Structure formats: structure tokens, C-alpha cells
Amino acid sequence: MNFFEAQAKARRSTAVLLVLFIVGIAGIVLMTNLFVMVVLAYYSEGEVIGSIEGFAALFEWRTFYISGAAVIAIVLLGSLYKLSELSAGGHVVAEALGGRLIPRDTRDEKERQLLDVVEEMAIASGIAAPPVYLLNQAGINAFAAGLSYDDAVIGVTQGALEAFEREELQGVIAHEFSHIFNGDMKLNIRITGIQHGILLIGLIGREILEAMDGGRYHRSSGSGKKGDAAAALMMLAIGFSAIGFVGTTIGEIIKAVISRQREFLADASAV
């Protein structure tokens, strides 16, 4: 097997999937914008949309731009908020999982071996050796966390430390170093941030529904479509909830496929 070719293939696959992800996000934003336009047109000036021609007659580019800017702002704000939460550094993630920083002067034989392996992989990859955290868990696992080389950490469970021989531990650490070297942590955090922006659209819709008595609002029999702002708000809330759910689900699927390709890349890079 040509491991350099395997790395190139994984990178190409990731690029294609990222393009699909971006196109999907753009499609969701456009769909949300068009839905807002339809609802506003339907409940404005007493007009009823009975066809595409009827909608086109009520269509206004100014409203379209304003609506689009509002939707994009919601997605960006949600994304930036999530990114700020996830950008605190790898040590925050490790400590949140109950990890304990292994001191450089540890006297424990297994811990010393782990640090030696990390130093070896740091030299091989040309990256400074990151801090290493030990998780008091019996399960066999390891991870890399952080946004950049400077704040990256490696976590290893006690179960992995006890179960692996030195060569096996070296393979696992090489895999985690590959995630750091290839920027997989940063990529994953950015995708998660964008997903949260799409999710925020659904959350807004759900909050509106709950504010309107859990979606059990009914228009009074004497009210028509004209000026019925509450009915329009109800339609927007339902639409936002559906779009947020569908968008988040599609995003999770693409994210999972991208993650799988990055695992292939990490394996090939580790070799």
C-alpha cells in the first residue's frame, strides 16, 4: 500500500466533502430566506399567493436582501458563539474529561514511557511536544485536542497506557500527532461552529413556538390573513424549526463522513 497516495486520496475526499458542506449550508440559508419571503408575502397587504406568478408579483429584492442578511447574521452569530466556547485550548477539554497533566519529571515507569514516545513523535513530525494528560478511565482511548500547535494536548486513558506495549503506544500517539499536524482539530471545531449556527435557526423557531403556548395558538375566527402578524410568526417558527432540524441532520452526516476521511488520513500519516 502506498501510504503517501492514501494521504493524498483522503485529502481530496475531504476537499470534495467540504465543498458539499458549504453548498449545503448556502442552500439552507437560501431556503430559509425564501421561506421568510413567502410567509411575508402571503400575510402582507391581504394578498394570497396562489401560484409562482403570484409570488413573483409580490417579490421585492430589497426585502430579499434584508431577510438574507438577517438569516446570515443569525448563522454567523451562532457560529461565533460556539467557536468562542470551543477555542479555550486543548487543556480545557482534557481537564473537563477528568484528565491529569503528566509532569515532565514523573517517576512512574509507564508515564515516563508515554512521555518518551510523545517526544519521539514530536521529533518525527517536526512539532513541539504537547502536554500529555492521563485520564483515569479503564477504557482504551486517546485523543488530541486544541486549535493549533501551540494549544494542542494529547490525552491517553489509563486503560490504554496499561494495555499497550511500547510499539502499540507509539502507533496510537503517531495517529494523534497526525490529527494535530493535519489541522483536524481546527477543521472539526469550525464545522461544529457552523452547524451550531444552523441549529440556532431551529432553536429560534422552537423558542417562538414555546412563547406562543407551545404552538397551540389559534387565530380568532374573526381575523383574516390581512395584518395577522401572529399567524405569520407561527408559520415562521414552524418553518425555522423544520429547517434547523433538517440542516443540522444533514450537517451531522457530512461531518461524520469528513471525520472518517480524516481518520484514514491520520492512519496513513502515522505510518
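Which residues of α7 are buried? Before selecting them, note that this is a predicted model, in which local features need pLDDT of at least 70 and side-chain atom pairs count only at pLDDT 80 or more, while totals for chains, interfaces and linings use all residues. Residues are numbered from 1 along each chain as its sequence is written, and side-chain values use heavy atoms, with hydrogens and water left out.

**Stop 1: the whole chain**

Colour the model by pLDDT, the predictor's confidence in each residue on a scale from 0 to 100. The mean pLDDT of the protein is 83, and 86% of its residues reach 70 or more. Select strand β2 (residues 132–135), which has the highest mean pLDDT among the elements, 96, and then helix α2 (residues 52–58), which has the lowest, 58. Where pLDDT is low, the predicted coordinates should not be read in detail.

Switch to a cartoon view. Nine helices and four strands are present, and along the sequence they follow the pattern α-α-α-α-β-α-β-β-β-α-α-α-α. These elements are DSSP runs numbered from the N terminus: H or I with at least four residues for helices, E with at least two for strands. Of the 271 residues in the protein, 39% are buried. Here, buried means under 20% relative accessible area, exposed means over 50%, and partly exposed lies in between (1.4 Å probe, protein chains only).

**Stop 2: helix α7 and the core**

Select residues 166–181, helix α7. This helix has 16 residues and reaches 22 Å from its first C-alpha to its last, close to the expected 22 Å at 1.5 Å a residue; the expected span is 1.5 Å times one less than the number of residues. The opening question can now be answered: the buried residues of α7 are Leu-169, Ile-173, Ala-174, His-175, Glu-176, Phe-177, Ser-178, His-179 and Ile-180. After the helix comes Gly-183, with a positive phi near 70°.

Keep Leu-169, Ile-173, Phe-177 and Ile-180 on display and add Leu-114 and Val-156; these six have the most contacts inside the largest nonpolar core, a set of 24 residues. At least two residues of this core come from each of α5, β2, β3 (142–145), β4 (153–157), α6 (158–163) and α7. Helix α5 gives the largest share, six residues. A nonpolar core is a set of buried Ala, Val, Leu, Ile, Met, Phe, Trp, Tyr and Cys residues joined through side-chain atoms within 4.5 Å.

**Stop 3: salt bridges**

The count of salt bridges is six, each being a side-chain nitrogen of Lys or Arg within 4 Å of a carboxyl oxygen of Asp or Glu. Three are visited here.

Select Arg-262 and Asp-184, whose closest N and O atoms are 2.6 Å apart. Arg-262 belongs to helix α9 (residues 229–270) and Asp-184 to helix α8 (residues 184–211), so the pair ties together parts 78 residues apart in sequence. Arg-262 is buried, because its relative accessible area is 11%, and Asp-184 is likewise buried at 8%.

Move to Arg-104 and Glu-119, which form a salt bridge at 3.2 Å, N to O. This pair links distant parts of the chain, 15 residues apart: Arg-104 lies in the loop between β1 (99–101) and α5 (109–125), and Glu-119 in helix α5. Arg-104 is partly exposed at 43%, as is Glu-119 at 34%.

Next, select Lys-82 and Glu-85, with their closest N and O atoms 3.5 Å apart. Both lie in helix α3, three residues apart, about one turn of the helix. An α-helix has 3.6 residues a turn, so residues three or four places apart point the same way. Lys-82 is partly exposed at 21%, and Glu-85 is partly exposed at 42%.

**Stop 4: the surface and neighbours of α3**

Remain on α3, residues 61–86, and select Leu-80. Is Leu-80 buried or exposed? Leu-80 counts as exposed because its relative accessibility is 55%. Add Ile-72 and Leu-76, which together with Leu-80 make a nonpolar surface patch of about 290 Å².

Ala-69, also in α3, is partly exposed at 47%. Its C-alpha is separated by 8.9 Å from that of Asn-33, 36 residues apart along the chain.

Finally, select Ser-87, in the loop between α3 and α4 (90–96). Ser-87 is partly exposed at 32%. Ser-87 and Lys-186 are 99 residues apart in sequence, and their C-alpha atoms are 9.2 Å apart in space.

Note on methods: Patch = residues over 30% accessible without salt bridge, like charges linked within 9 Å, V, L, I, M, F, W, Y side chains within 5 Å. Areas by Shrake-Rupley, 256 points an atom, 1.4 Å probe, with all protein chains shown as cover.
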